[in-house]
Amino acid sequence: MNKRFYGAHPLRLTIKALGWIIALLWIITLILPISVVFSLMKLAEGKNMGIQEPIFSLSNGNLSLTIPLYINNTGFYDISEVSVKIKISKANTAIATLSKNLPDIPAGCMINASCNFSASLNEIFQRHSTLLTEDADLDVDAALHFRVARAIAFNITQNFPTRWGAPFQNLTVYDVAYNTTAHVFSFSISFNNHAFFSINEPLTIELYNSGSEKVGSTFWSLNVPSGESFQGLIEVNVDPAKMTESGFIRLFFGGLKIFEEGWTLP
Amino acid sequence: MSELEPRPSRRKLGIRVARAFLLTAASGVFWLVIWFLTSMLLANFPNYQTLFTVLAWGLLFFTFAIALAEGTIYKYLLIIIRAFFLIVYLAYATNSGTLTINFKNFTLTVEFVPLLALMIVINLLDIARGLLQAIEFAAQSPKD
């Protein structure tokens with residue numbers, strides 16, 4: 001009797017305890033993913049998530065995109081490590097990569113946040129300056145990452161094509177003239193703003209003679225809303241001593257050369 | 001020895017085999033129900049059918065073998081081997097806890113490494129329990 005109590009019993013107890021622990025852990029392991037799926041289904045139903053109208057803006061040479069959003073976590077678990085990543089590429093060459101981390105969303109809480117992406121025009125268009133003057137087909141890779149119950153992480157990625165509208169589509173310089181009395185060089189420019197943002201940055205115009213010497217330059221304030229056309233006459237005061245019968249015009253936008261074309265006086 | 005532990009009669013062996021068959025059949029029905037419930041939902045997982053078949057047939061084999069080895073030390077050995085099989089299977093089938101489903105231009109990746117770690121721990125505990133049960137079984141005198 002004594003031998004049974006002091007010898008065999010502790011081992012049996014350990015085996016029994018292990019059995020209970022194993023059963024309990026299997027229940028937790030099976031219930032957790034099922035409850036996470038139900039939690040996500042609860043979150044997805046109704047109007048628990050929403051994205052408001054994105055706002056695009058261009059200022060100080062920076063292109064900004066703001067997407068206001070709200071999430072009402074009606075699920076059972078906290079949502080953490082929420083991040084959004086957007087990669088824009090053209091012909092497999094990355095143009096811009098934007099990423100944003102969002103705050104954690106505890107269960108039963110609602111958050112209002114906004115995804116703010118900002119990139120400098122120089123960064124975006126340095127290698128793809130033609131995007132400023134030519135419409136193009138771009139590829140967008142959007143990725144959403146989040147972790148539920150701090151145990152299961154989800155990563156949703158979607159790839160879709162998008163049409164890029166150039167802000168200076170069909171940029172044309174014409175009607176070149178030179179007033180020899182006032183020493184003013186004039187020409188007309190026109191373009192269509194196909195971009196999703198308004199152009200309100202100044203345009204820099206530089207005029208060169210046939211010897212590649214700068215003969216004059218000026219700034220032109222632009223305010224062209226998205227989808228509108230622009231047509232205007234630009235006048236540049238020139239140095240008459242350097243003036244020749246032909247040369248070339250360079251147009252700069254946000255510090256980037258967007259146009260270069262030769263001119264010949266009529 | 002032979003006096004203390006009489007050789008199991010053919011009838012006893014037959015009962016044991018029949019019991020093992022019944023248990024395996026019941027497990028088979030269970031896995032069939034699981035298959036019907038999950039095949040529609042998880043059809044997009046790569047190699048789902050193959051992986052499910054390996055798991056179901058593997059566990060059916062162990063159910064049969066463990067039931068057949070009832071009352072012998074081989075039962076505990078088989079429990080330990082089953083736990084090892086599950087560890088290897090879970091790590092392989094879940095791609096070390098990261099599953100990816102590809103749709104047309106949409107990819108969903110589910111990463112559950114902590115959950116997989118928990119499953120491995122459970123199986124390690126199962127191995128420990130199997131070892132203890134084997135020790136206890138070996139320590140028992142025929143009288144016990």
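Start by selecting Asn155(A) and Thr109(B): in this predicted model, Thr109(B), in strand 2 of chain B, is the bridge partner of Asn155(A). Show the backbone around the pair and you'll see where the two chains meet.

Next, widen the selection to the two strands. Strand 8 of chain A covers residues 152-164, and six bridges join it to strand 2 of chain B. Trace both and you'll find that they run antiparallel.

Now bring up the whole contact between the chains. Pick 20 residues from chain B and 23 residues from chain A, and you have both sides of it. Stay with chain B for a moment. Two elements give two or more residues to the side that touches chain A: strand 2 (106-111) and helix 4 (113-139) of chain B. Select helix 4 of chain B next, since it's worth a look: with 12 residues, this helix gives the most to that side. Then color the chain B side by residue class, and you get 12 nonpolar, four polar and four charged residues.

Time to hide chain B and zoom out on chain A. Switch to cartoon and you have two helices and 15 strands to look through. Turn the C-alpha trace along its principal axes, where the spans are about 125 × 35 × 25 Å. The radius of gyration of chain A is 31 Å, well over the 18 Å that the globule rule gives for 266 residues, so chain A is more spread out than a compact globule.

Last stop: color chain A by burial. Of its 266 residues, 17% count as buried. If you draw the contacts with a separation of 6 or more in chain A, 63% of them come from residues 24 or more positions apart.

Conventions. Residues numbered from 1 in each chain as written. Chains lettered and ligands numbered in written order. Predicted model: local features only at pLDDT ≥ 70, side-chain atom pairs only at ≥ 80, totals over all residues. Contact = placed C-beta atoms within 7 Å. Helix = DSSP H or I, 4+ residues; strand = E, 2+ residues; numbered from the N terminus. Nonpolar A, V, L, I, M, F, W, Y, C, P; charged D, E, K, R; others polar. Pairing = 2+ DSSP bridges. Rg over C-alpha atoms; globule rule 2.2 N^0.38 Å. Buried ≥ 20, exposed ≤ 12 C-beta atoms within 10 Å, placed from the backbone.
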